[in-house]
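Got your viewer open? Let's walk through this one together, one selection at a time.

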Amino acid sequence: MPVAVQTEHVGLLHFESEQQMSTSTSTSIVPSITLNDGNPIPQLGFGVFQIPPEDTARAVDSALHAGYRHIDTAEMYRNERGVGEAIRASGLDREDVYVTSKLNNSYHRPADARHAFAQTLSELGFDYVDLFLIHWPLPTLYDGDFVSTWKTLEEFQHEGRARSIGVSNFQVAHLERLAAETETVPAVNQIELHPYLLNEPVRAYDEEHGIATEAWSPIAQGAVLGDPVITSIARELDRTPAQVVLRWHLERGNIVFPKSTTPARITENFDLFDFQLEPGHSEAIEALDRGADGRTGPNPDTFAYTPA
Ligand SMILES: NC(=O)c1ccc[n+]([C@@H]2O[C@H](COP(=O)([O-])OP(=O)(O)OC[C@H]3O[C@@H](n4cnc5c(N)ncnc54)[C@H](OP(=O)(O)O)[C@@H]3O)[C@@H](O)[C@H]2O)c1
């Protein structure tokens with residue numbers, strides 16, 4: 001089942017004051033994608049990887065003020081508490097902000113995963129998350145068993161404590177195994193994807209099976225921004241390199257949540273909806289693909305990190 005990109009508007013956009021932020025209702029220009037379980041997700045969000053816990057509430061507050069209504073965190077980022085604090089302090093309704101978290105690699109066994117998920121809700125201070133993911137497949141750990149972990153996430157969804165469930169860093173073979181051995185198709189697969197790593201076999205599998213692709217490190221942590229192809233398109237469109245790359249993701253149907261702790265960049269990365277790429281731009285960007293050499297992060301087939 002293909003993933004539908006909708007133009008329906010979600011959440012809120014601009015505001016002049018806290019008062020206005022807490023009382024407006026539905027004027028966001030961020031498109032929404034309907035996941036395979038029927039739930040909508042804002043296509044553009046804000047990521048908080050590598051933001052220190054003590055700085056997280058401030059960064060999320062800046063993002064909410066800029067108009068973002070989708071926050072991507074994880075147990076291993078150790079900053080879920082700051083995410084929840086900022087959302088509560090904003091005065092926005094819980095329903096108006098989409099929150100994703102992810103299972104800590106150390107807690108894949110079902111009993112551990114149940115405990116870790118309860119801890120996630122407690123840290124956030126919410127009684128549900130919009131989306132909960134297995135962060136990494138860890139095929140060389142736990143006897144290669146991510147299936148029982150996935151079945152545990154199915155429990156969270158049945159209980160209503162995770163509205164949607166998905167995976168992250170799953171390769172095609174991992175997705176095929178879930179399809180053969182479990183009932184629920186992941187709503188999303190969050191993978192490294194940017195102009196230097198198109199990750200096309202995984203993205204194509206996702207699309208064919210109704211799994212929405214979320215692109216992590218969408219600007220390759222800044223590494224693609226100085227590329228002459230990107231800077232030349234940016235000059236042509238009178239936009240910044242980051243805006244060009246993020247716009248390219250949106251036009252391809254990817255869900256993105258760039259991270260920044262710089263207020264001007266937080267605003268810049270949200271300002272993507274009053275221009276579009278021109279003929280030839282997407283092809284030029286996609287020609288930058290370096291295959292596996294383009295990875296900035298670990299290879300999911302071998303990654304086996306578990307925090308102490
Ligand atoms: N599932 C996974 O395994 C996984 C792995 C990695 C990331 N993620 C998720 O994906 C999110 C985004 O990925 P990411 O944080 O790795 O990388 P990213 O969003 O591609 O890049 C973030 C870096 O780029 C800089 N930056 C941001 N906007 C910029 C702009 N407009 N101009 C110039 N530089 C800019 C930021 O610097 P400043 O902060 O200094 O402004 C930061 O150093 C994460 O926060 C996380 O939510 C998931």
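The tour below starts at the ligand and then moves on to two helix pairs. Keep in mind that this is a predicted model.

**Stop 1: the ligand.** Select the ligand and show what surrounds it. You should get 28 residues around the ligand, and those that come nearest are Asp72, Gln221, Lys259, Ser260 and Thr262. Now turn on distances to side chains. From the side chain of Ser260, an N or O atom sits 2.6 Å from a ligand oxygen. Do the same for Lys259, where the side-chain N or O atom is 2.7 Å from an oxygen atom of the ligand. Next pick Glu268: here the ligand partner is a nitrogen atom, 3.0 Å from an N or O atom of the side chain. How much of the ligand's accessible area does the protein cover? On its own the ligand has 900 Å², and the protein covers 88% of that.

**Stop 2: helices 8 and 9.** Select residues 228–237 for helix 8 and 241–252 for helix 9. Their axes come within 8 Å and cross at roughly 95°, so helix 8 and helix 9 are roughly perpendicular to each other. Show side chains for Ile230, Thr231, Ile233, Ala234 and Leu237 on helix 8, then Pro241, Val244 and Val245 on helix 9, to see the contact. Colour by class and you'll find seven nonpolar residues, one polar and no charged ones.

**Stop 3: helices 3 and 4.** Finally, select residues 80–90 (helix 3) and 110–124 (helix 4), whose axes come within 7 Å and cross at roughly 40°. That angle makes helix 3 oblique to helix 4. On helix 3, the contact uses Glu80, Arg81, Val83, Gly84 and Arg88, while helix 4 brings Thr120, Glu123 and Leu124. Keep the class colouring on: this contact has four charged, two polar and two nonpolar residues.

Note on methods: Residues are numbered from 1 along each chain as its sequence is written. This is a predicted model: local features need pLDDT of at least 70, side-chain atom pairs count only at pLDDT 80 or more; totals for chains, interfaces and linings use all residues. Side-chain values use heavy atoms; hydrogens and water are left out. Axes are lines fitted to C-alpha atoms, for helices over the stretch in contact, and angles run from 0 to 180 degrees between N-to-C directions. Helices (H or I, at least four residues) and strands (E, at least two) are DSSP runs, numbered from the N terminus. Angles under 35 degrees count as roughly parallel, over 145 as roughly antiparallel, 65 to 115 as roughly perpendicular and the rest as oblique. Contact means heavy atoms within 4.5 Å. Ala, Val, Leu, Ile, Met, Phe, Trp, Tyr, Cys and Pro count as nonpolar, Asp, Glu, Lys and Arg as charged, and the others, Gly among them, as polar. A residue is near a molecule or strand if one of its heavy atoms lies within 4 Å of it. A polar contact is a pair of N or O atoms within 3.5 Å; within protein, one must be able to donate a hydrogen and the other to accept it, and residues adjacent in sequence count only if both atoms are side-chain atoms. Accessible areas come from the Shrake-Rupley method with a 1.4 Å probe; for residues, only the protein chains shown count as cover.
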